[in-house]
Number of protein chains: 2
Amino acid sequence: MLNTMSTSAHPRPGSRTRGRPRDPELRERILDAAATLAMTAGIELGFERIAQEAGASRTTLYRWWDSPQELLLDAMLERTRWSLDHDSEGTAAARLRAQVIDAVEILSAPDTGRPLRALAAGALTNEKVRASFIEHWLEPRRAVAARILEDGMITGEFRQDLDVEAVIDALFSPIYHRLLLTRMPLGRSFGETLWNLVEPGLSPS
Amino acid sequence: MLNTMSTSAHPRPGSRTRGRPRDPELRERILDAAATLAMTAGIELGFERIAQEAGASRTTLYRWWDSPQELLLDAMLERTRWSLDHDSEGTAAARLRAQVIDAVEILSAPDTGRPLRALAAGALTNEKVRASFIEHWLEPRRAVAARILEDGMITGEFRQDLDVEAVIDALFSPIYHRLLLTRMPLGRSFGETLWNLVEPGLSPS
DNA sequence: CATTATCTGTACGCTCTGTTCACTATTTAT
DNA sequence: ATAAATAGTGAACAGAGCGTACAGATAATG
């Protein structure tokens, strides 16, 4: 059920409609502009700047997105689809560990981490952005981890009374915390440390 | 070295100086206004609104604070001094567990949690706010936990190769994550679950 | 050609920001 | 007393961004 179009834009029900079709090139330029601005400049994301950077009319942006952050979310989602792929081979522990380390590496890369900060800032400021961010960014990633955890619980690799949501929080929220707030070192070794710390709590007594 | 005055306001070196002394009542009204607005209204904190709510001149706010969020931070720091008190009795594990549960309860209370959201939003948007937030809010609380962890490592209650910062991240960042982003249930029982999950990773093998 | 929808460009009112200025108020130093 | 210094008020101003509206050009379908 991949939503290949945007999250906030008006959906296009039929495949072909009357009027002038949307210019996909323009859309790309706009998403690129947002991603670029969010990576280089700071958090000061606005329709004004994005439109200028993309060489598009501000009116067009208002037409398709409700806020610059929802626009940026679309950009990020398209640019990180690959990050949802994951092996289904190996033990549940190995797969979960790999996901933690993937997450650290994705978020520590500047071209993902910096825009994600802007996105999170929007999520804290704007309810709609928060909802979209959770639904389209956080939830799909949590679902992957949840799936692995449930697998492990069924096979007996993990204890059966785990609070899946809490485990996911313990494993992944430290990464966001470092990215967004403390900016403490965020590298592969932190992912490993984190995993080693939480893993003992997953095994059956 | 408690800074009894504000974080961002110009420090007062000598106890007595020349000119008209600052009106402490006015300062309180301003801090109250910020705390109230941050709790009731949304994140839309601004000098304009705060000044109006406090019945003060906007110029006065600009005089003492660089941003509405630094003002709010001052308000929050004064209103939560008590939360840094902690027992020094009992095992390190018991004390750390108590701090986790305290944290959940403080942050789940609307009159602390909501302003903290506004504060965090500011921290993501403004570098100065972020630095102040870390220095005056996060760090002192992390220091308490770090102290307990080091105690436990010395007495052998915890393993000696713990990464203190990572442990603190695992224990506390899920709380902020729920408060700020997912808004999943944040109650005492979540604190207990979290503790039970991470605690096995602390004990010597 | 008529219709429908996209995109552009301009313009306007709005709110908040950050700063300046003149003025009043209250304290200490001489 | 009077001067100097600092706090607070209130008004004004330019500037940025927002959100919206409108007129017109462009490009597809029926």
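# Exercises on a predicted two-chain model

Thr125(B) lies in helix α6 of chain B. The model is predicted, and each exercise below is followed by its solution.

**Exercise 1.** Decide whether Thr125(B) is buried, partly exposed or exposed, and state which residues Thr125(B) touches, leaving out those up to four places away in sequence.

*Solution.*
Step 1. The relative accessible area of Thr125(B) is 42%.
Step 2. Buried means under 20% and exposed means over 50%, with partly exposed in between; Thr125(B) is therefore partly exposed.
Step 3. With residues up to four places away in sequence set aside, Thr125(B) touches Ile43(A) and Ala121(A).

**Exercise 2.** Describe the contact between chain A and chain B by residues and by buried area.

*Solution.*
Step 1. Chain A gives 38 residues to the contact, and chain B gives 38 residues.
Step 2. About 3200 Å² is buried between chain A and chain B, and carbon and sulfur atoms give 70% of this area.
Step 3. On the side of chain A, the residues that lose the most area to chain B are Leu124(A), Leu181(A) and Leu197(A), which together make up 23% of what that side buries.

**Exercise 3.** Find how many cavities of 30 Å³ or more the structure holds, and characterise the lining of the largest cavity.

*Solution.*
Step 1. There is one cavity of 30 Å³ or more in the structure.
Step 2. The space in the largest cavity is about 130 Å³.
Step 3. Its lining consists of 14 residues, and those nearest the centre are Leu180(A), Leu181(A), Tyr176(B), Leu180(B) and Leu181(B).
Step 4. Two or more lining residues come from each of these elements: α6 (110–125) and α8 (164–182) of chain A, and α6 (110–125) and α8 (164–182) of chain B.
Step 5. Sorted by class, the lining has 10 nonpolar residues, four polar residues and no charged residues.

**Exercise 4.** Summarise the secondary structure, extent and burial of chain A.

*Solution.*
Step 1. Chain A has nine helices and zero strands, and its pattern along the sequence reads α-α-α-α-α-α-α-α-α.
Step 2. Along the principal axes, the C-alpha atoms of chain A fill a box of roughly 65 × 40 × 25 Å.
Step 3. Chain A has 205 residues, of which 51% are buried.
Step 4. Among contacts in chain A with a separation of 6 or more, 67% are between residues 24 or more positions apart.

**Exercise 5.** State how chain A is divided into domains, and describe the contact between them.

*Solution.*
Step 1. The domain assignment gives domain 1 (24–68) and domain 2 (80–201) of chain A.
Step 2. Taken over C-alpha atoms, the centres of domain 1 and domain 2 of chain A are 28 Å apart.
Step 3. The contact draws six residues from domain 1 of chain A and 10 residues from domain 2 of chain A.
Step 4. Between them the domains bury about 570 Å², with 70% of it on carbon and sulfur atoms.
Step 5. Ala38(A), Met39(A) and Ile43(A) supply 66% of the area that domain 1 of chain A buries against domain 2 of chain A, more than any other three residues.

**Exercise 6.** Place Gln69(A) in its helix and decide whether Gln69(A) is buried or exposed.

*Solution.*
Step 1. Helix α4 (residues 68–79) of chain A contains Gln69(A).
Step 2. Gln69(A) counts as buried because its relative accessibility is 17%, and the cut-off for buried is under 20%.
Step 3. Leaving out residues up to four places away in sequence, Gln69(A) touches Leu45(A), Ala118(A), Leu119(A), Gly122(A) and Val129(A).

Notes:
Residues are numbered from 1 along each chain as its sequence is written. Chains are lettered from A and ligands numbered from 1 in the order in which they are written. This is a predicted model: local features need pLDDT of at least 70, side-chain atom pairs count only at pLDDT 80 or more; totals for chains, interfaces and linings use all residues. Side-chain values use heavy atoms; hydrogens and water are left out. On a 1 Å grid over the protein atoms alone, a cavity is a set of points where a 1.4 Å probe fits but cannot get out, and a pocket is an open set with protein on both sides within 12 Å along at least five of seven lines; lining residues have an atom within 4 Å of a point. Grid points are joined across faces, edges and corners, and a volume is the space filled by probe spheres set on the points. Helices (H or I, at least four residues) and strands (E, at least two) are DSSP runs, numbered from the N terminus. Ala, Val, Leu, Ile, Met, Phe, Trp, Tyr, Cys and Pro count as nonpolar, Asp, Glu, Lys and Arg as charged, and the others, Gly among them, as polar. Buried means under 20% relative accessible area, exposed over 50%, partly exposed in between (1.4 Å probe, protein chains only). Contact means heavy atoms within 4.5 Å. Domain bounds come from an automatic or database domain assignment. Buried area is the accessible area (1.4 Å probe) that two parts lose on being put together, summed over both.
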